[in-house]
Amino acid sequence: LTQPSSAPLNASGYHKYLFFWPESGHWVIGSELHKASSAVARNGPGRWMAETPDRCAGRWAALNGRTFEDDARISCRRQRASLATSLSSCVLSQPRSPIAAGNAVTFEDA
């Protein structure tokens, strides 16, 4: 995951990763790849049948202090990637409908 395209990227930016944590069955957004303790948002537990995060049932939960709370403003959607985009790139994108205000995770697929 990277910053929204309208925001400049620099070395001091806060990078996020989207990955699956098989021990609990969570899809996780975190600052460290494959480290569940870095999670700032998650969907699960028990999402072993969801091959991609856009297929997760239920809401995403965001970290609020020390606990996770459901957040209706977080969503995940799939979109086709351009030929110039890497297969594994993910973008934290600007919100689009159906959510008017919130955070949407977009992962691209060629």
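A salt bridge is taken here as a side-chain nitrogen of Lys or Arg within 4 Å of a carboxyl oxygen of Asp or Glu. The model is predicted, so that local features need pLDDT of at least 70 and side-chain atom pairs count only at pLDDT 80 or more, while totals for chains, interfaces and linings use all residues. Residues are numbered from 1 along each chain as its sequence is written, and side-chain values use heavy atoms, with hydrogens and water left out.

**Exercise 1. Find the salt bridges and state how accessible their residues are.**

Step 1. Two salt bridges are present in the structure. One joins the side chains of Lys35 and Glu32 at 3.7 Å, N to O, and another joins those of Arg73 and Asp71 at 3.1 Å, N to O.

Step 2. Accessibility is classed by relative accessible area (buried under 20%, exposed over 50%, partly exposed in between; 1.4 Å probe, protein chains only). Lys35, at 38%, is partly exposed, and Glu32, at 39%, is also partly exposed, whereas Asp71, at 11%, counts as buried.

**Exercise 2. Describe the surroundings of Ser38.**

Step 1. Ser38 sits in the loop between β2 and β3 (39-43), where strands are DSSP runs (E, at least two residues) numbered from the N terminus. With a relative accessibility of 10%, Ser38 is buried.

Step 2. A polar atom of the Ser38 side chain lies 3.1 Å from the backbone nitrogen of Glu32, and a polar atom of that side chain lies 2.8 Å from the backbone oxygen of Lys35.

Step 3. When neighbours within four places in sequence are left aside, Ser38 is in contact (heavy atoms within 4.5 Å) with Ile29, Gly30, Ser31 and Glu32.

**Exercise 3. Identify the backbone features of His34 and Pro45.**

Step 1. Most residues other than glycine have a negative phi, and most peptide bonds are trans.

Step 2. His34, in the loop between β2 and β3, has a positive phi of about 60° although it is not a glycine.

Step 3. The peptide bond from Gly44 to Pro45 is cis, with omega near 5°, and Pro45 belongs to the loop between β3 and β4 (61-64).

**Exercise 4. Work out which residues and elements form the largest nonpolar core.**

Step 1. Such a core is a set of buried Ala, Val, Leu, Ile, Met, Phe, Trp, Tyr and Cys residues joined through side-chain atoms within 4.5 Å.

Step 2. The largest one has 10 residues, among them Leu18, Trp27, Ile29, Trp60, Ile74 and Cys76. The elements contributing two or more residues to this core are β2 (26-30) and β6 (74-80).

How values were computed: Helices (H or I, at least four residues) and strands (E, at least two) are DSSP runs, numbered from the N terminus. A polar contact is a pair of N or O atoms within 3.5 Å; within protein, one must be able to donate a hydrogen and the other to accept it, and residues adjacent in sequence count only if both atoms are side-chain atoms.
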